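Trainee: Got a minute? I'd like to walk through this model with you.
Mentor: Sure. Put it up and ask away.

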Amino acid sequence: MLLFRSNYRKCFLLLILLAYVTGLNAQTFKSEAKIAIQQKVNKLLAKMTLEEKIGQLNQYASYKNATGPISSTGNMIDEIKQGRVGSILKVNGVADTRIYQQAAMQSRLKIPLLFGEDVIHGYRITFPIPLAEAASWDMDAIGFSARLAATEAAASGIQWAFAPMVDISRDPRWGRVMEGAGEDPYLGSRIAIARVKGFQGNGLGSLDAVMACAKHFAAYGAAIAGRDYNAVDMSDRTLWEVYLPPFKAAVDAGAATFMNSFNELNGIPATGNSYLQRNILKGKWGFGGFVVSDWGSIPEMVNHGFVKNNSEAARVALNAGSDMDMEGRSYINNLPILVKSGRVSIATVNDAVKRILTKKFELGLFADPFRFCNQQREAAIVNSPSIRNAARAVAQKSMVLLKNEGSLLPLAKNLKTIALIGPLVKAKKDMNGFWALPWGVAHETEPVSLFEGVQNKLGGQTKLLFAKGCNINDTSKVDFAEAIATAKNADVVIMAIGESYDMSGEAKSRSNIHIPGVQEELVKAIQATGKPVVVLVMGGRPLIFNQTADCVPAILYTWWLGVEAGNAMADVLFGDYNPSGKLPITFPQSEGQIPIYYATKNTGRPLINDNDRAYKSAYLDVSNTPKFAFGYGLSYTTFKYSNLKLSAKAINNLQSIIASFTVTNTGNYAGEEVAQLYLRNRVASVTRPVKELKDFCKIKLMPSESKTITFVINKQKLSLYNQQMQWVTEPGMFGVMIGSASDDIRLVDEFELLKR
Ligand code: GLC
C-alpha cells in the first residue's frame with residue numbers, strides 16, 4: 001500500500017509539473033504567435049499606400065438583403081480590385097464569397113476581405129430569438145446555439161457575426177429588446193460571455209469559428225421613450241452600473257470586435273465618442289480588436305448636428321476610435337484628403353488598419369483567403385438535421401409558463417378533439433422572428449407552425465379543428481362566430497395570439513405594447529364557451545395582455561422560437577418537455593409603468609402596501625408591481641427551498657461567504673428550476689437597489705429529488721461605485737435573498753461586511 005501511495009504521489013506530482021509546463025508552453029506559444037502576427041502586420045503596413053490603408057477601413061454591403069439605407073450603387077467588384085474595400089457584409093455562401101475574394105486577390109497587395117453577416121439567432125437554421133434564449137437561463141444552451149450558428153456561417157464563407165447584441169433594455173416599447181438578453185446586467189453579462197465563446201469557439205483560425213461582435217456600444221437600449229435611434233441621456237453611474245457590464249464581459253470573453261451604436265450618449269453620438277471607444281474600451285479595458293460603425297452611423301453624425309459635413313464626420317469618428325466604416329463611405333471619400341492635410345494623423349489610420357489586419361491574420365485569411373470557401377464542407381454542415389434538432393431543444397428551454405391553473409397543462413395525448421384558434425396558429429414565417437436571415441421560399445415554408453407541431457405530435461389520433469378567429473392587427477370580428485362554434489366542438493382549445501414577427505426588431509418600436517387588434521376579445525369570447533383554454537402568446541418583446549392573463553387558466557409565452565417552433569411548443573403542451581424558462585425582462589401591467597424593472601430603488605417614501613398610497617411613491621391608477629416579474633416562470637412540478645446556511649455571518653472584503661441551500665422537487669414531474677441569488681446592500685454611500693441578481697443556477701430534479709446548491713458571495717458581488725465612481729466595497733449589512741423569481745423569494749438571511 002505504501003509503495004502504491006509513493007508511486008501515486010510521484011505520478012501525481014509529475015502530472016502537475018507536466019500541466020504547469022504545458023500551460024506555460026501554451027501561453028508562450030500564444031504570445032509568440034501574437035508577436036509573429038504583429039511582425040507580419042507591420043511588414044505589410046509598410047508596403048501599403050495611404051489609399052490601400054483607407055481601403056481596409058471601408059466596408060460595403062451587398063444590397064441583396066440591405067438592413068439599412070442604401071447609399072450607393074457603385075461597382076463594388078472594381079473597387080475591391082483597386083484595394084478600396086476591406087470587408088463586405090450581406091454576402092454569404094461559398095460561391096458568392098469566393099467571387100468577391102477572387103476580386104480581392106486581383107488587388108495589388110492581395111489583402112483578403114472579411115465577410116460579415118447578421119448571425120443573430122442562427123445562420124441557415126433559425127434558432128429562438130436572443131431574448132427567448134435568454135429566458136432559458138441555460139448558458140450551455142445559449143452558448144451551443146451560438147456555436148452551431150458559427151459553424152454554419154463559417155462553412156458558408158463568413159468570418160464575422162454581428163453578434164451578440166448585449167444592450168441592456170428596460171423599455172419593452174423598444175423593438176430591439178428582442179435581440180438582447182433583457183434588463184439585468186448580471187444575467188446579460190453571463191449571456192454575453194456564453195455567446196462570445198460560442199461564436200469564437202476554439203479561437204479565430206478554427207474553421208468553425210467566427211469573430212464575435214459585441215454591440216451596440218453603448219447604451220443603445222436606453223433610447224428615450226423606447227423610440228429606436230432616439231437620444232440616450234443617463235448618469236455615468238447608470239452607464240457603469242447597468243449598461244456597460246455586458247460589454248466588459250464581452251471584452252473579458254475575448255470578443256474580437258465591437259460595433260458602436262446609432263444613438264448619442266449625453267450629447268455625443270457613440271460613433272464619435274472617444275470617452276466610450278478610446279478611454280473605456282481601448283484604454284481602460286485594453287480592447288485589442290477593432291470597432292466597426294453601425295450602418296451609416298458615421299455620416300449620420302451630420303444629422304445629429306454633431307459635425308457639419310461628411311469630412312468632419314470621418315475625422316471625428318476615426319479619432320474617436322471607430323476603426324471601420326460600415327456603409328457610410330465617409331472614410332473612403334474623405335480620409336485621403338484629411339490625412340494629406342494633416343487633419344487626421346497617419347498614426348491614427350495605421351492603428352485602425354493594424355487592428356483589422358491582425359484579425360485577418362488570426363483568421364488565417366492571408367495563409368489561404370479561400371479557406372472558408374469549401375463547397376463540400378458547406379454542403380455537409382449547413383442546414384443539417386442535427387443543427388435543426390438542436391434548435392428544437394433550445395426552443396423547448398426558452399418558453400416560459402406564466403399560468404397553469406388546475407394543472408390544465410400538460411394536455412393528454414389522447415384527447416378526442418382539440419380546437420386550435422387564433423391568427424398565429426398556422427403562422428410560419430413569424431416563427432423566425434425579426435433577425436432571421438432571409439432564405440427565400442425556405443424562410444416562409446420551413447418553420448413548423450403550432451398547428452403542424454401539434455399534428456406531428458398527435459398523429460391522426462386526435463381530431464384537430466382550426467379557426468383563425470381574427471387577424472393580428474385589425475378590428476374585424478367577422479370570424480368570431482366561426483371560431484366560437486369551432487371551440488364548442490372541441491374538448492380543449494389551444495389559442496395562439498400575439499404580435500407579428502415584424503412588430504419587433506430594428507426600427508420597430510411601439511408606443512402601445514398591448515396585443516394588437518381584437519385578439520384579446522377573441523380570447524374572451526372563446527373563454528366564455530366554458531371550454532378549457534390554453535393560450536400561447538408570441539412576440540419579440542414583453543406584451544401587455546392583462547385581460548387574457550386574468551381570464552384563462554393556462555398561458556405559455558413562446559416568443560419567436562425559430563424553425564422548430566411548432567414541434568417545441570407541442571413538446572411542452574403535451575408534457576414531453578417540462579417548461580423551465582424564466583423571464584429575463586419585466587412584463588408591465590401598463591405602458592405607463594415603463595421603465596419598470598425589478599432592481600428598483602427604495603426611495604424615501606416606499607410603497608409598503610397598495611392600500612396605503614398617501615404620499616408614497618405610487619400611481620393613482622395602477623400598482624407598482626409588474627404583470628409578471630423578472631425571473632418568473634412556472635413548471636409542471638413544484639420546488640421547495642430549504643436549509644439556507646451561510647458559511648459566515650461576518651467577513652471582510654478579502655473573504656467570501658458560501659451560501660448553501662436545498663431545492664427539492666415536490667411535484668410529480670421531473671423538472672428544471674432556476675434558483676436565483678439576490679443581494680441587497682442595505683446602507684451605502686450611494687443608494688442601492690432593493691435587490692440585485694448576483695448568481696443563479698439551473699438544476700434538473702426528478703420527483704422527490706433534492707440537491708444542495710452553493711453560491712459564492714465574494715468581493716466582486718459586494719462592490720459598488722462610490723460617490724467618486726470608484727469601484728469599492730463598503731462595510732455594512734447585506735440582505736441575502738434566494739428564490740424562484742425576483743418576486744418569489746423563498747429563503748432569506750443576512751451578513752455583515754466588516755471594515756478591514
Ligand atoms: C443594422 C443594425 C446592426 C446590424 C447592421 C448590419 O442597422 O443596427 O445591428 O448588425 O446594421 O446589418
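Trainee: Which residue in β22 is the bridge partner of Phe661?
Mentor: Ile709 is the bridge partner of Phe661. Keep in mind that this is a predicted model.

Trainee: And which residue in β22 is the bridge partner of Thr664?
Mentor: That is Ser706.

Trainee: How many bridges join β19 to β22?
Mentor: Eight. Strand β19 covers residues 657–665, and the two strands run antiparallel.

Trainee: What about β17 and β19, how many bridges there?
Mentor: Six bridges, again in the antiparallel sense. For one position, look at Ser660 in β19: Lys645 stands opposite.

Trainee: In what order do the strands of that sheet come?
Mentor: The order is β17-β19-β22. It is an open sheet of three strands, with antiparallel pairing.

Trainee: Which ones are the edge strands?
Mentor: β17, residues 639–646, and β22, residues 706–713. Each of them pairs on one side only.

Trainee: How far are neighbouring strands turned against each other?
Mentor: By 20° on average, ignoring direction.

Trainee: Is β19 mostly covered or mostly open?
Mentor: Mostly covered. Of its nine residues, eight are buried.

Trainee: Let's back up along the chain. Where does Thr638 lie?
Mentor: In the loop between α22 and β17.

Trainee: Why does Thr638 count as partly exposed?
Mentor: Because its relative accessibility is 44%. Buried means under 20%, and exposed means over 50%, so a value in between is partly exposed.

Trainee: What does Thr638 touch?
Mentor: Thr664, Asn665, Thr666 and Gly667. That leaves out residues up to four places away in sequence. You met Thr664 earlier, as the bridge partner of Ser706.

Trainee: How far apart are Thr638 and Phe29?
Mentor: In sequence, 609 residues. In space, 51 Å from C-alpha to C-alpha.

Trainee: New topic: helices. Why is α22 called largely enclosed?
Mentor: Because nine of its nine residues are buried. Among them are Ala565, Asn567, Met569, Asp571 and Leu573.

Trainee: What covers the buried residues of α22?
Mentor: The cover includes two helices, α16 (385–398) and α18. It also includes the strands β14 (492–498), β15 (533–538) and β16 (554–557).

Trainee: At what angle do α18 and α22 pack?
Mentor: About 55°, with the axes 7 Å apart. Helix α18 is residues 450–458, and α22 is residues 565–573.

Trainee: So what do we call that arrangement of α18 and α22?
Mentor: Oblique. Angles under 35 degrees would count as roughly parallel, and 65 to 115 as roughly perpendicular. The crossing of α18 and α22 is right-handed.

Trainee: Which residues make the contact?
Mentor: On α18, Leu450, Gly453, Val454, Asn456 and Lys457. On α22, Gly566, Asn567, Met569, Ala570, Asp571 and Leu573.

Trainee: How does the contact of α18 with α22 split by class?
Mentor: Five nonpolar, four polar and two charged residues.

Trainee: What follows α22?
Mentor: Gly575, with a positive phi near 85°.

Trainee: Another helix pair, then. How do α7 and α9 pack?
Mentor: At about 30°, with axes 8 Å apart. That makes α7 roughly parallel to α9. α7 is residues 185–200, and α9 is residues 245–252.

Trainee: Is the crossing of α7 and α9 right-handed or left-handed?
Mentor: Right-handed.

Trainee: Who meets whom in α7 and α9?
Mentor: α7 brings Pro185, Gly188, Ser189, Ala192, Ile193 and Val196. α9 brings Pro245, Pro246, Ala249 and Ala250. By class, this contact has eight nonpolar, two polar and no charged residues.

Trainee: Why do spacings of three or four turn up in a helix?
Mentor: An α-helix has 3.6 residues a turn, so residues three or four places apart point the same way.

Trainee: Last one: what is the strand order in the five-stranded sheet?
Mentor: β18-β26-β25-β20-β21, an open sheet with mixed pairing. Its edge strands are β18 (650–651) and β21 (692–701).

Trainee: How many bridges join β25 to β26?
Mentor: Nine, and the two strands run antiparallel. One pair to find on screen is Gly735 with its bridge partner in β26, Glu750.

Methods:
Residues are numbered from 1 along each chain as its sequence is written. This is a predicted model: local features need pLDDT of at least 70, side-chain atom pairs count only at pLDDT 80 or more; totals for chains, interfaces and linings use all residues. Side-chain values use heavy atoms; hydrogens and water are left out. Axes are lines fitted to C-alpha atoms, for helices over the stretch in contact, and angles run from 0 to 180 degrees between N-to-C directions. Helices (H or I, at least four residues) and strands (E, at least two) are DSSP runs, numbered from the N terminus. Angles under 35 degrees count as roughly parallel, over 145 as roughly antiparallel, 65 to 115 as roughly perpendicular and the rest as oblique. A crossing is left-handed if the near helix is turned anticlockwise from the far one by less than a right angle, and right-handed if clockwise. Contact means heavy atoms within 4.5 Å. Ala, Val, Leu, Ile, Met, Phe, Trp, Tyr, Cys and Pro count as nonpolar, Asp, Glu, Lys and Arg as charged, and the others, Gly among them, as polar. Two strands pair if DSSP finds at least two bridges between them. Buried means under 20% relative accessible area, exposed over 50%, partly exposed in between (1.4 Å probe, protein chains only).
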